[in-house]
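Hi everyone, thanks for coming along. I'd like to walk you through a structure that will be new to most of you, so please have a look at it first.

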Amino acid sequence: MNNFNFATNEELTEKLDKIFAALPQDEQHALIQISSSLYSSSEGESSPGLKNSLILLANICSCALNLDSKNDPFLPELSTWDRRPFLPIDLSQDEFSYLAEVVGGIHQNIIKSRIADILWIYGSPRNKNYLDMAINSYISLNIDNDFHIQDIYASWERTAVLATSTKTLIDKVEDKLLKEIENNSRSWDFHLLRIIEIFSKTGLNKNLHHRFAEILLEKQKEFNHQEQFNVIEQYLDLARDLFKKIGNNSKMCECIYFLAQATEEHANFRELDSHMAAKYFYELSFQTYRKIPGNYREQFNVSEKLISIKEKINKLGPLVINELQLSSTKEHDISELQFQSINHVKDKKTPFESLVYFSGIISVSYEYISKQTEENVTNSLIGNICNVTSMSQDGRKIAVIPVLNDKNKDEVILKTSIRDFIVWMQLYVNGLILPALCQIQKEYVFPKEFLIELCKQSPVVPDKREILVANALYHGFEGDFRTSVHLLAPQVENMIRQRLKKNGVITTHIDNKDGIEQEVGLSTLVATEGAKDILGEDLWFELQAVFTSSLSANLRNEVGHGLLDDDTSNTAYSIYAWWMVLRLVVQSILKDTDTSSETSDSVHSSSD
């Protein structure tokens, strides 16, 4: 090892101790703050070896844990706009050897666990000593205060994954987490839930599922239905899932009933301040009661409950319409748009409610767009004397808007509207979607399991596509719109294909020569006779403007032919496409119980 390239063990240990002594207590287990402090310390370091060592550790601490993977457990940092993010696979052999040399002397378990995990996963051959060190270091982490330290929970879950997948130190990990259940180390309402989730997700001890479910069922009674509904909802959801896993259908139905009842009580409470919010929770309660299987419905008096709630929903309908107000802004005043978008989605009671408002933040009306376009095209000198040509980034002619005449008026208006929608997408993303997204992510976390359940509830997501669509949405919440758009584009095509098929539209083409039958692409599906009526003209237009037209983003073609690169896949168009699909999923759930008016309270309408 060249000591000029890296610090000695003693130098590094002494420096880390000083850095951590200067860190506030609530930042000593937060990896992003630790990474930042290490970077800052390296900038003022005169010793080249110590400087390199601190940068190396800062990079390692910058990664997030990927709790869904056993063999590739690290994700890059979210802030990747200005440079390529660090991943452990980028480590050189010298760096890897150096980490192996110093890991044993590091006193901070939050760093030691991360290094040992990397040495175990990426070492060849694997060294079990690093596995033991990683598990022991992860499980030694404790919550010493009442700050919301998510990295601790992630570390405990990671050590449970390591233990169960390798059959190593399982009893020690289980004992640690059981002590957290018996004697909570913090007063956070979700602490107990988070620990039991680790058992459930990792399969640490399946024999404890019944005990945990009963604990959750009893614990949820301590919370206030009016002000802590979000807590009750998550406790009952997990209890239901655990009873389902062990095949206790009676207890599972009891959890569903308690959740439906709590939702209805919360709706009663919300009616005091918002008819729209109350209607949303009544509809949620209605859907929850319907989840109780037929052979248990009489026991819980479900039929009468459904009638009662439906009457409340119908009663609130006209009141919600009166409560809705469209907000308009001054032209090009993006700061005002951002302000309104944040206020539109903030302080919602549940993650799903925040998504309802988030999905309704923009209302696209093709009727309004086409009227405005018609006026502009009619008064355009250029549009009346020559064709308008669209070129690709590499100079290819990819589309033409013909000169307006009496015969092609509808075509010209549609094509011009699609072309101009690119500008609106950029405004929508920067002025509305991103500010609102940042706001709801300050208030809630949207884990992959939540999104999978969301897709299962959505009638627009076809069977056996729930995980694919949920993964695409999850990448968007993680800020990785590059990956999201590549997953979404083919799934959007399938959603539309299935919807048209259900309405009797033939979605295949037969080769007359050989008789081979093939599915047609999204652009052909949208152009199929009857598609506009089935999809509705707003969605019909939006699909073309976002996914299929060469005059606009054309994401389905760009993804399908591998034309997007690192830059072009990470634009406002990818973000808008992600939001558009999220909106389809969320609003389809609402419409399942005639709730389309819920999302009409948009911050910006295309008619503003």
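Let's start with a pair of helices: H16 passes H19 in a right-handed crossing. A crossing is called right-handed if the near helix is turned clockwise from the far one by less than a right angle, and left-handed if anticlockwise. Helices here are DSSP runs of H or I with at least four residues, strands are runs of E with at least two, and both are numbered from the N terminus.

Before I go on, a word on where this comes from: this is a predicted model, in which local features need pLDDT of at least 70 and side-chain atom pairs count only at pLDDT 80 or more, while totals for chains, interfaces and linings use all residues. Residues are numbered from 1 along each chain as its sequence is written, and side-chain values use heavy atoms, with hydrogens and water left out.

Back to our pair. Two packed helices are described by the angle between their axes and the distance between the axes. For H16, residues 334–345, and H19, residues 409–443, the angle is about 35 degrees and the axes are 8 Å apart. Those axes are lines fitted to C-alpha atoms, for helices over the stretch in contact, and the angles run from 0 to 180 degrees between N-to-C directions.

Who makes the contact? On the H16 side we find Ile334, Leu337, Gln338, Ser341, Ile342 and Val345, and H19 brings Leu427, Asn430, Gly431, Leu432, Pro435, Ala436, Gln439, Ile440 and Glu443. By contact I mean heavy atoms within 4.5 Å. The residues divide into nine nonpolar, five polar and one charged. In that count, Ala, Val, Leu, Ile, Met, Phe, Trp, Tyr, Cys and Pro are nonpolar, Asp, Glu, Lys and Arg are charged, and the others, Gly among them, are polar.

Let me pick out one member, Gln439, which sits in H19. Is Gln439 buried or exposed? Gln439 counts as buried because its relative accessibility is 11%. Buried means under 20% relative accessible area, exposed means over 50%, and partly exposed is in between, using a 1.4 Å probe and protein chains only. Setting aside residues up to four places away in sequence, Gln439 touches Ile342, Val345 and Lys346. From Gln439 to Ser341 there are 98 residues in sequence, with 8.9 Å from C-alpha to C-alpha.

Now let's zoom out. The protein chain has 27 helices and eight strands, and 51% of its 608 residues are buried. Among contacts between residues at least 6 apart in sequence, 68% join residues at least 24 apart.

Inside, the largest nonpolar core has 183 residues, and Trp156, Phe358, Phe541, Phe547, Tyr576 and Trp578 have the most contacts within it. Helix H27, residues 572–591, gives the most to this core, with 15 residues. A nonpolar core is a set of buried Ala, Val, Leu, Ile, Met, Phe, Trp, Tyr and Cys residues joined through side-chain atoms within 4.5 Å.

Trp156 has plenty to show: beyond its neighbours within four places in sequence, its contacts include Tyr138, Leu141, Lys176, His191 and Ile198. Ile198 also appears next to Ala160, which contacts Val173, Ile198 and Thr202 once neighbours within four places are left aside. Ala160 is in helix H7, and it is buried because its relative accessible area is 0%. Its C-alpha atom is 7.6 Å from that of Ile170, ten residues away along the chain.

Phe358 takes us to helix H17, residues 351–359, where nine of the nine residues are buried. Among them are Glu353 and Ser354, along with Phe358.

Finally, the loops. Most residues other than glycine have a negative phi, and most peptide bonds are trans. Where should you look for a cis one? A cis peptide bond joins Ser124 and Pro125, with omega about 0 degrees, and Pro125 lies in the loop between H5 (109–122) and H6 (128–139).

Leu169 has a positive phi, near 50 degrees, and its place is the loop between H7 (150–166) and H8 (170–182). With a relative accessible area of 31%, Leu169 is partly exposed. Asn301, in the loop between H14 (294–297) and H15 (302–323), has a positive phi near 55 degrees. At 38% relative accessibility, Asn301 counts as partly exposed.

That's my tour, and I'm happy to take questions.
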